[in-house]
Amino acid sequence: MTEFSNEFSSFPSRKIAKHNFKNVDDSIATVINQINALRSQGLYNQAARIIQSNADVLSQYIADASTFRTWEEEIYNTQIYAKQQQQSLYFDEQEPDCIEGDVWLGGDA
């Protein structure tokens, strides 16, 4: 049976999550420039604190590691789902190595 990865993705039991990121504009540019300036100076802890304190606003503009992990898992699950769409019928005495959606007709009567 096929196993889907479900830590970040619920596909195929639910639709793939849609992310509607915004382009950086004047309302957030000051914060992003401040973060970039701190990073360029090697002040990563200070940059991280600014990111954490503005997480709710920044999440609309910047994809984080969790978002990338979600995309990666949803692509992986989509590949598994697409491969299993070719349903197969098996007429074997022993249960074959099949994927979800396949049909097995056999066994002892």
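Being three residues apart in helix α4, F68 and W71 are separated by about one helical turn, and this stretch of the predicted model is a convenient place to begin looking at its aromatic rings. F68 is partly exposed, its relative accessible area coming to 49%, and W71 is likewise described as partly exposed, with a value of 29%. The ring centres of F68 and W71 lie 5.2 Å apart and the planes stand at 85°, so this pair is edge-to-face, given that plane angles over 60 degrees fall into that class.

In total the model has two aromatic pairs. The other one joins F21 to W71, with 6.1 Å between the ring centres and an angle of 85° between the planes, so F21 and W71 are also arranged edge-to-face. Here the partners come from separate parts of the chain: F21 sits in the segment before α1, a helix spanning 26-40, while W71 belongs to α4, which covers residues 65-83, and the pair therefore ties together parts that are 50 residues apart in sequence. F21 has a relative accessibility of 31%, and so F21 counts as partly exposed.

Taken together, F21, F68 and W71 make up one aromatic cluster, in which W71 is paired with F21 and also with F68.

Methods
Residues are numbered from 1 along each chain as its sequence is written. This is a predicted model: local features need pLDDT of at least 70, side-chain atom pairs count only at pLDDT 80 or more; totals for chains, interfaces and linings use all residues. Side-chain values use heavy atoms; hydrogens and water are left out. Rings of Phe, Tyr and Trp (its six-membered ring) pair if their centres lie within 6.5 Å; planes under 30 degrees apart count as stacked, over 60 as edge-to-face and the rest as tilted. Helices (H or I, at least four residues) and strands (E, at least two) are DSSP runs, numbered from the N terminus. Buried means under 20% relative accessible area, exposed over 50%, partly exposed in between (1.4 Å probe, protein chains only).
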